[in-house]
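Welcome! Let's take a friendly walk through this structure, from its charged pairs to its interior.

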Amino acid sequence: MKSDFFSQIEEHPIIAAVHDLTQLEKAVKSPCKIVFLLSGDILNIKDLVNTFKDNGKLVFIHLDLIGGFSKDTKALEYIHKYINPDGIISTKSNLIRAAKDLNIFTIQRIFLLDSLALISGIHSIKSFRPDAVEILPGIMPKIIKQIKTETKIPIIAGGLIQDKQDVIQSLNAGAVGISTSNKDVWYL
């Protein structure tokens, strides 16, 4: 699975982040090879995942944002066994660790609000060793470079990516990919 993610992101480094189900059809039709599903609930998540997979996309679900599931390892096991996404995204270290134990591709999402969040985030990344890290906001090239250097974990820049210049700066700083809900950026 790791090789699928990295080969797809190398081919097209823009990731469609779908936080509103009205974006579903546009994400399916976009050139993005990878989708971050940031919406859905216990009643529709399997169909959403299957829609993307049926259209040749890798799909990663953000466990913290899917309604109707508790945020524990039993929910994770259920999602892995019955919904079968290509991987998970979470801000919760316990879920990252549990997903790694189940051999699920993990993306740890970190919100960098200040220098304390940066220090805490780097510590968490080093402790739990996710397969990739998504940092938000993603428009901080200097910070992308610092986290990549200190952790040696692939970085995805997300949040506030508005145009081609933001994409180029983040990729030049060392990000392997860009996640965005901005449909115009999906086509860069």
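A salt bridge here is a side-chain nitrogen of Lys or Arg within 4 Å of a carboxyl oxygen of Asp or Glu. Please keep in mind that this is a predicted model. The whole structure contains five salt bridges, and the table lists three pairs, including Lys74 with Glu77.

| Salt bridge | Closest N and O atoms |
|---|---|
| Glu11 and Lys33 | 3.2 Å |
| Lys53 and Asp86 | 3.8 Å |
| Lys74 and Glu77 | 3.4 Å |

What does the pair Lys53 and Asp86 tie together? Lys53 sits in helix 3 (residues 45-54) and Asp86 in the loop between helix 4 and strand 4 (87-90), so this bridge links parts that are 33 residues apart in sequence. Lys53 is partly exposed at 27% relative accessibility, while Asp86 is buried at 14%.

Lys74 and Glu77 are three residues apart in helix 4, about one helical turn. Lys74 is exposed, with a relative accessible area of 57%, and Glu77 is partly exposed, with 34%.

Now to the interior. The largest nonpolar core has 48 residues, and Ile88 is one of those that touch the most other members. Leaving aside residues up to four places away in sequence, the contacts of Ile88 include Phe60, Leu76 and Leu95. A second, separate core of 14 residues includes Ile9 and Ala132.

There is also some empty space: the largest cavity holds about 60 Å³. Among its lining residues are Leu63, Lys71, Asp72 and Leu76. By class, the lining has seven nonpolar, one polar and two charged residues. Helix 4 (residues 73-83) gives the largest share of this lining, three residues.

Terms used: Residues are numbered from 1 along each chain as its sequence is written. This is a predicted model: local features need pLDDT of at least 70, side-chain atom pairs count only at pLDDT 80 or more; totals for chains, interfaces and linings use all residues. Side-chain values use heavy atoms; hydrogens and water are left out. A nonpolar core is a set of buried Ala, Val, Leu, Ile, Met, Phe, Trp, Tyr and Cys residues joined through side-chain atoms within 4.5 Å. Buried means under 20% relative accessible area, exposed over 50%, partly exposed in between (1.4 Å probe, protein chains only). Contact means heavy atoms within 4.5 Å. On a 1 Å grid over the protein atoms alone, a cavity is a set of points where a 1.4 Å probe fits but cannot get out, and a pocket is an open set with protein on both sides within 12 Å along at least five of seven lines; lining residues have an atom within 4 Å of a point. Grid points are joined across faces, edges and corners, and a volume is the space filled by probe spheres set on the points. Helices (H or I, at least four residues) and strands (E, at least two) are DSSP runs, numbered from the N terminus. Ala, Val, Leu, Ile, Met, Phe, Trp, Tyr, Cys and Pro count as nonpolar, Asp, Glu, Lys and Arg as charged, and the others, Gly among them, as polar.
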